[in-house]
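Consider how two chains meet in a model, and how one helix takes part in that meeting. The paragraphs below go from the interface as a whole to a single helix.

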Protein chains: 2
Amino acid sequence: MQVGWDGSLGGDFITTVARELQLEEGVLADELYFEDLRPGMKIRSIRSYEITAAEIKEFAAKYDPQPFHLDEVAAEKTFFKGLAASGWMTAAITMRLRVESMHVAGGMIGAGVDEIKFTQPVRPGDWLRTETEILSARRSTSRPEIGVIKSSTLVFNQRDEVVMRSVVNFIAPLRNNN
Amino acid sequence: MQVGWDGSLGGDFITTVARELQLEEGVLADELYFEDLRPGMKIRSIRSYEITAAEIKEFAAKYDPQPFHLDEVAAEKTFFKGLAASGWMTAAITMRLRVESMHVAGGMIGAGVDEIKFTQPVRPGDWLRTETEILSARRSTSRPEIGVIKSSTLVFNQRDEVVMRSVVNFIAPLRNNN
């Protein structure tokens, strides 16, 4: 299994492997600390995620019960002109893809969302992948043992159209807590 | 069934009823148009939503598979010191409560998120409710038949602690499209 790790050039893509894949093969997880997450670093999802009508409807029934997310026929007459995923489902899948590709020590713990834009409908049969860039990394003033990482994520479908973009902050512990 | 509707004072809370409840009782749904959504208007969720350990784990297994969302024992040793809901689950439940309480004509269709802050962990046994305030309403320059509503939502638990706050934009059609 290949574990690419080269953030030194800033613009190169990095692909890490998911914790479960690493554990399956008995490879020690690469835990990311604050010092590892440098502005300009880019991380791709390790896979694409298939969108199914079943998942769109199941998510919508629980969290966003509106006709354009629940039923193909009813959706035809709506703004979306067909079944489309709830934006909150797309956001949740984005988290899944991010968690799989970036194994932050102690877990990827959110420190707030600065922006989400939904730029294209997500449809059954789409395959989503993510590209995340580290925008900034600052140490916490109140908690010297952690830092706050600001990241931008583009979510692409199989036609390389951006369906969602977001700016999300998360915390990362310092490896060397001086 | 009581359908309160008084936005004229600006600060008063409004409680609408969910589409499904309205239909059950054969009451015509109150459809909200751009003109109805005035800055200062406040809308409460029509109910509280119970958080269960089962839903926390089920959501996490799909979208945010990290120890503090998946397993009570493993969660004890993490940042959260116990099982906590994924922030994306809290955001999704917030959408559910908003959709139930505000019946926008044509559906509540997102036009981007300006901010989400997670201010307290959400735990099994919590009950969440929302209070939404309309911050601004502007007509679209490119599409004269719709407007864009900016709304702020506070999500409270049963101890009236704010667990999440967000600023979300959505579109609303004009009733009188001059």
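In contact, meaning heavy atoms within 4.5 Å, are 37 residues of chain A and 37 residues of chain B. This is a predicted model, in which local features need pLDDT of at least 70 and side-chain atom pairs count only at pLDDT 80 or more, while totals for chains, interfaces and linings use all residues. Residues are numbered from 1 along each chain as its sequence is written, chains are lettered from A in the order in which they are written, and side-chain values use heavy atoms, with hydrogens and water left out.

Between them, the two chains bury about 3200 Å², of which 61% lies on carbon and sulfur atoms; buried area here is the accessible area (1.4 Å probe) that two parts lose on being put together, summed over both. In chain A, the residues that lose the most area to chain B are Y63(A), W88(A) and V113(A), which together account for 23% of what that side buries.

The count of salt bridges between the chains is 2, a salt bridge being a side-chain nitrogen of Lys or Arg within 4 Å of a carboxyl oxygen of Asp or Glu. K62(A) forms a salt bridge with E58(B), with the closest N and O atoms 2.9 Å apart.

Helix α2 of chain A (residues 53–63) has as its buried residues (under 20% relative accessible area, 1.4 Å probe, protein chains only) E55(A), I56(A), F59(A), A60(A) and Y63(A). These residues lie on the same side of α2(A) because they cover an arc of only 125° around the axis. Their cover includes α5 (87–101) of chain A and, from chain B, α2 (53–63) and α5 (87–101).

Note on methods:
Buried < 20%, exposed > 50% of the residue type's maximum accessible area, 1.4 Å probe, protein only. Helix = DSSP H or I, 4+ residues; strand = E, 2+ residues; numbered from the N terminus. Arc of directions from axis to C-beta.
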